[in-house]
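Please open the structure in the viewer and keep the sequence at hand. The tour below proceeds by selections, each followed by a description of what is found there.

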Amino acid sequence: MPTVHLLDYVAGNIRSLVNAIERVGYQVEWVKSPEDVASADKLIIPGVGHFGHCLTQLSNAGYIEPVRAHIKAGKPFMGICVGMQALFEGSTESPGVKGLGLIPQTLQRFDDSTKSVPHIGWNSADVAANPEVEAKQSLYGLRSDSKYYYVHSYAAPYRAEDFEKAGWSVATATYGNETFVGAVAKDNMLGTQFHPEKSGAAGLRVLKAFLDSKRLGPITAPLDPLTSTSGLTRRIIACLDVRTNDQGDLVVTKGDQYDVREKSSTNAVRNLGKPVELAERYYQQGADEVTFLNITSFRDTPVRDQPMLEILRQTSSTVFVPLTIGGGIRDTPDPETGKVVPALDIATLYFQSGADKVSIGSDAVLAAQEYYANDSKPTGKTAIETISAAYGNQAVVVSVDPKRVYVADPKETKHETLRTKSPGPKGEEYVWYACTIHGGRTTTDLDVLQLVRAVEALGAGEVLLNCIDRDGTNSGFDLELVRSVKGAVKIPVIASSGAGNAAHFKEVFEETTVDAALGAGMFHRGEWTVRQVKEELQKDRLLVRKFEEIDF
């Protein structure tokens with residue numbers, strides 16, 4: 001197999017990129033020292049997280065000049081996400097830290113006054129504005145009707161004259177009212193703000209075109225008017241609750257208010273399938289992300305949880321969309337050594353096994369309580385803070401498990417209430433949402449708005465918003481809860497709990513500004529497929545990503 005060199009500076013999930021490179025017919029050799037760069041024919045620098053961290057790591061390790069020499073020699077070079085940002089002069093994320101300076105522009109943070117930041121999800125890489133690329137040609141396999149997976153807070157604003165003067169070809173994307181650079185190309189260089197290894201068939205096409213040195217190529221299929229609209233799509237996420245059954249096997253299960261045992265004489269754990277097989281099925285149906293929640297947590301420590309790590313490894317070899325893993329991501333004593341394994345080490349283990357994000361549940365409630373007890377000041381020691389500092393806030397999801405508490409009068413509680421259209425058992429017209437821990441078994445005095453504001457301040461990049469009252473009911477999402485949380489934070493929010501059909505997804509997308517919606521039981525039981533849900537949403541002109549078959 002032909003070879004590509006990969007320079008890893010501990011930048012998150014590299015396993016998926018290796019899997020994607022191998023999927024398109026190449027093998028990876030690792031750059032382990034600056035001297036190795038000179039022997040590379042094709043070089044890729046991936047990246048997630050902080051611009052300053054990336055460039056400082058490269059500089060301190062002595063890679064800057066060898067990378068410059070590689071590019072100057074005309075050898076193929078690709079930068080992914082922060083790896084692409086390294087081509088620019090700098091970023092307002094890290095004033096004073098210099099990039100390679102090949103593009104005379106400074107990256108800016110997205111305006112969060114009218115939209116969520118980070119920008120997370122599937123968006124365009126539109127080559128239509130590029131004068132070099134004719135209507136029936138694509139740039140390194142990029143197509144204006146395809147969608148690609150982005151996750152970033154800083155971007156290069158698109159000003160045509162800046163790039164045309166310097167000879168760069170550009171593919172653009174739009175987020176809110178901001179048009180930014182989705183990809184850049186010049187001579188032997190390609191940079192993508194999106195992650196091709198997480199962008200399904202569309203991303204694999206880009207990787208293969210770069211590795212095959214096919215800068216311009218024909219578009220092999222007609223543009224689809226339903227997917228050629230530029231902008232961020234609504235994400236449909238498939239969630240798999242994974243736990244050990246009574247025979248000791250990891251299975252996908254689903255419960256009502258988190259009770260996952262059958263209502264029968266056997267009282268067995270409900271078994272809805274094997275995790276790897278179901279994840280691949282949902283990927284083939286067009287799921288935009290797959291989330292694994294290990295709802296049994298761990299009997300000892302995640303370091304010893306080899307079966308779950310193996311599930312991630314196997315899934316990431318065939319599923320080329322983002323993978324999230326939750327359960328047990330906290331500082332945990334190792335029973336064999338007695339030493340505490342830091343949450344950051346556990347997250348690193350997951351990233352190395354194929355995860356793109358980690359989901360923190362009960363520990364986030366404890367972190368929020370500590371945050372408020374410390375006069376709303378971060379300590380720098382919580383799992384949210386340590387993981388986001390190392391891998392970026394986009395890598396940290398907080399899974400929230402609230403339940404309704406009804407009151408007749410807002411004065412009866414210190415918590416923020418809302419007037420509900422679904423009164424309580426005694427006709428109470430007001431409600432607040434209490435956060436729970438331990439799989440919903442323990443209710444705390446922390447309300448959901450206090451929690452999400454705290455975790456945003458601590459560095460979380462996304463909220464997975466469950467609802468115990470709706471879990472397993474197939475009655476639709478709690479729209480009042482979703483609106484309330486969306487109004488309290490700037491980071492993206494995923495609606496969860498209660499989805500039973502496509503109409504529920506349509507309702508939450510039309511009635512709220514939520515960024516994504518999650519389904520579980522309806523998919524596991526075969527009542528609906530992800531593709532069927534998306535087809536229904538497309539009929540109502542809601543912008544969703546269309547699944548693409550691999551065409552090479």
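Two strands are said to pair if DSSP finds at least two bridges between them. The model shown is a predicted one.

**First selection: a sheet.** Select strand S6, residues 103-109, together with S10; these strands pair in the antiparallel sense over two bridges. Within this region, Gln-108 stands opposite Ala-155 in S10. Now add S5 to the selection: the three strands form an open sheet in the order S5-S6-S10, and the pairing is mixed. S5 (88-91) and S10 (154-155) stand at the edges with a single partner strand each, so one side of each has no neighbour in the sheet. In general, the strands of a sheet pair through backbone hydrogen bonds, either parallel or antiparallel.

**Next selection: a loop residue.** Select Glu-412, which lies in the loop between strand S23 (402-407) and strand S24 (418-419). Is Glu-412 buried or exposed? Its relative accessible area is 53%, and a residue counts as exposed over 50%, so Glu-412 is exposed. To relate this site to the sheet, select Gln-105 as well: from C-alpha to C-alpha, Glu-412 and Gln-105 are 55 Å apart in space, and they are 307 residues apart in sequence.

**Last selection: two helices.** Select helix H11 (residues 362-373) and helix H13 (residues 448-458), which pack at an angle of about 85 degrees with their axes 9 Å apart. The two helices are therefore roughly perpendicular to each other. Among the residues that make the contact are Ala-364, Ala-368 and Tyr-371 of H11 and Leu-451, Arg-453 and Leu-458 of H13. The residues of this contact comprise 11 nonpolar, one polar and one charged.

Methods:
Residues are numbered from 1 along each chain as its sequence is written. This is a predicted model: local features need pLDDT of at least 70, side-chain atom pairs count only at pLDDT 80 or more; totals for chains, interfaces and linings use all residues. Side-chain values use heavy atoms; hydrogens and water are left out. Axes are lines fitted to C-alpha atoms, for helices over the stretch in contact, and angles run from 0 to 180 degrees between N-to-C directions. Helices (H or I, at least four residues) and strands (E, at least two) are DSSP runs, numbered from the N terminus. Angles under 35 degrees count as roughly parallel, over 145 as roughly antiparallel, 65 to 115 as roughly perpendicular and the rest as oblique. Contact means heavy atoms within 4.5 Å. Ala, Val, Leu, Ile, Met, Phe, Trp, Tyr, Cys and Pro count as nonpolar, Asp, Glu, Lys and Arg as charged, and the others, Gly among them, as polar. Buried means under 20% relative accessible area, exposed over 50%, partly exposed in between (1.4 Å probe, protein chains only).
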